[in-house]
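Opening the notebook on this one. I want to look up where the ligand goes, what surrounds it, and what the record has to say.

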Amino acid sequence: MKPYQKIPIVECGEPLVAIPCNHFAVEHPHPYVKAGAPYGDKSPYYLRQTVVERLLQAQAALQDRCPRWRIQIFDAYRPLAVQQYMVNYSFAQVVADQGLRLDELTEAQRERCWQQVYQFWAVPSSDPTTPPPHSTGAAIDVTLVDAIGAVVDMGSPIDEMTPRSYPNYFADQVGGSRFHQHRQLLRHSMEFAGFRQHPREWWHFSWGDQLWAWLSNQEPINSHEPLSHLTPIARYGAI
Ligand SMILES: C[C@@H](N)C(=O)N[C@H](C)C(=O)O
Ligand SMILES: [Zn+2]
């Protein structure tokens, strides 16, 4: 269990609402739909109502600094079945990337591959006290597009399962300052609206889930966040 999963959840009952995608850039086709994930009648382009409002605030903060730039949505709401599917899919990807075969793995190899997956993906837990972040409608995976609609180079793709995904990976890499600046721009825009960034993923942010509450309790952001938000309680559970 990760430390943030000990945070209590007091579900506030806010609905999932459709993201107004026309305000943002959106990755098409949706990457996990393309990978065959079982959405059924659900859509990834949903979030809790306050989270959508905050995403609009984050984009306004971005555009104060970089007019006509936009936030690009890669993924948002993820039903539990999709979390399960993507975790298995990512495991198969790690196995293949290492030149191994699924049906020939030793126990040690299997264990190492799962460790790599779970550095980046949340366990698809159906326990209401430990929901995967995206299944709460409070987490979002995003990047930036510039004024001409080109995807901004962050130095590594979303969902890469290596240290290049760590938010500060390029801070001290020779030739990496442009990527670091882009990552900082994304982070500061999202933090301005109260989001918190996953410590290992430059693209993953949340507001109101367990990780957000845990991170807010660790180190308050300097900003305009009212202190009442700095409590170690999550307001969104699985939905
Ligand atoms: C790996 C990435 N797409 C992601 O969403 N990771 C977080 C931690 C998750 O699975 O909730
Ligand atoms: Zn994510």
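**Ligand 1 and its pocket**

I started with the ligand: ligand 1 takes up the space of the second largest pocket. Note to self: this is a predicted model.

Next I pulled the shell. I get 14 residues around ligand 1, and those that come nearest are Arg 78, Gln 83, Phe 120, Ala 122 and Asp 159. Sorted by class, the shell holds 6 nonpolar, 4 polar and 4 charged residues.

**Polar contacts**

Then I went through the N and O atoms. Asp 159, already on my list of nearest residues, has a side-chain N or O atom 2.7 Å from a nitrogen atom of ligand 1. Ala 122 is on that list too, but here the backbone is involved: one of its N or O atoms lies 2.9 Å from an oxygen atom of the ligand. For Tyr 32, I noted a side-chain N or O atom 3.2 Å from a nitrogen atom of ligand 1. How much of ligand 1 does the protein bury? I have 320 Å² exposed for the ligand taken alone, and the protein buries 99% of that.

**What the record says**

I checked UniProt. The entry is unreviewed, and its "binding site" annotation covers His 134, Asp 141 and His 204. These residues spread over 71 residues of sequence, yet they cluster in space, with a largest C-alpha distance of 9.7 Å. I also looked for them in the pocket: His 134, Asp 141 and His 204 are in the lining of the second largest pocket, whose space ligand 1 takes.

**Cavities**

Last job: closed spaces. How many cavities of 30 Å³ or more turn up in the whole structure? My search finds 2. I opened the second largest cavity, which has about 30 Å³ of space. Its lining is Tyr 4, Pro 131, Pro 133, Thr 136, Asp 209, Gln 210, Leu 211 and Tyr 236. By class, I file that lining as 5 nonpolar, 2 polar and 1 charged.

Terms used
Residues are numbered from 1 along each chain as its sequence is written. Chains are lettered from A and ligands numbered from 1 in the order in which they are written. This is a predicted model: local features need pLDDT of at least 70, side-chain atom pairs count only at pLDDT 80 or more; totals for chains, interfaces and linings use all residues. Side-chain values use heavy atoms; hydrogens and water are left out. On a 1 Å grid over the protein atoms alone, a cavity is a set of points where a 1.4 Å probe fits but cannot get out, and a pocket is an open set with protein on both sides within 12 Å along at least five of seven lines; lining residues have an atom within 4 Å of a point. Grid points are joined across faces, edges and corners, and a volume is the space filled by probe spheres set on the points. Ala, Val, Leu, Ile, Met, Phe, Trp, Tyr, Cys and Pro count as nonpolar, Asp, Glu, Lys and Arg as charged, and the others, Gly among them, as polar. A residue is near a molecule or strand if one of its heavy atoms lies within 4 Å of it. A polar contact is a pair of N or O atoms within 3.5 Å; within protein, one must be able to donate a hydrogen and the other to accept it, and residues adjacent in sequence count only if both atoms are side-chain atoms. Accessible areas come from the Shrake-Rupley method with a 1.4 Å probe; for residues, only the protein chains shown count as cover. A molecule sits in a cavity or pocket if more than half of its atoms lie within 2 Å of its grid points. UniProt positions are given in the numbering used here, feature names are shortened, and annotations may be inferred rather than shown by experiment.
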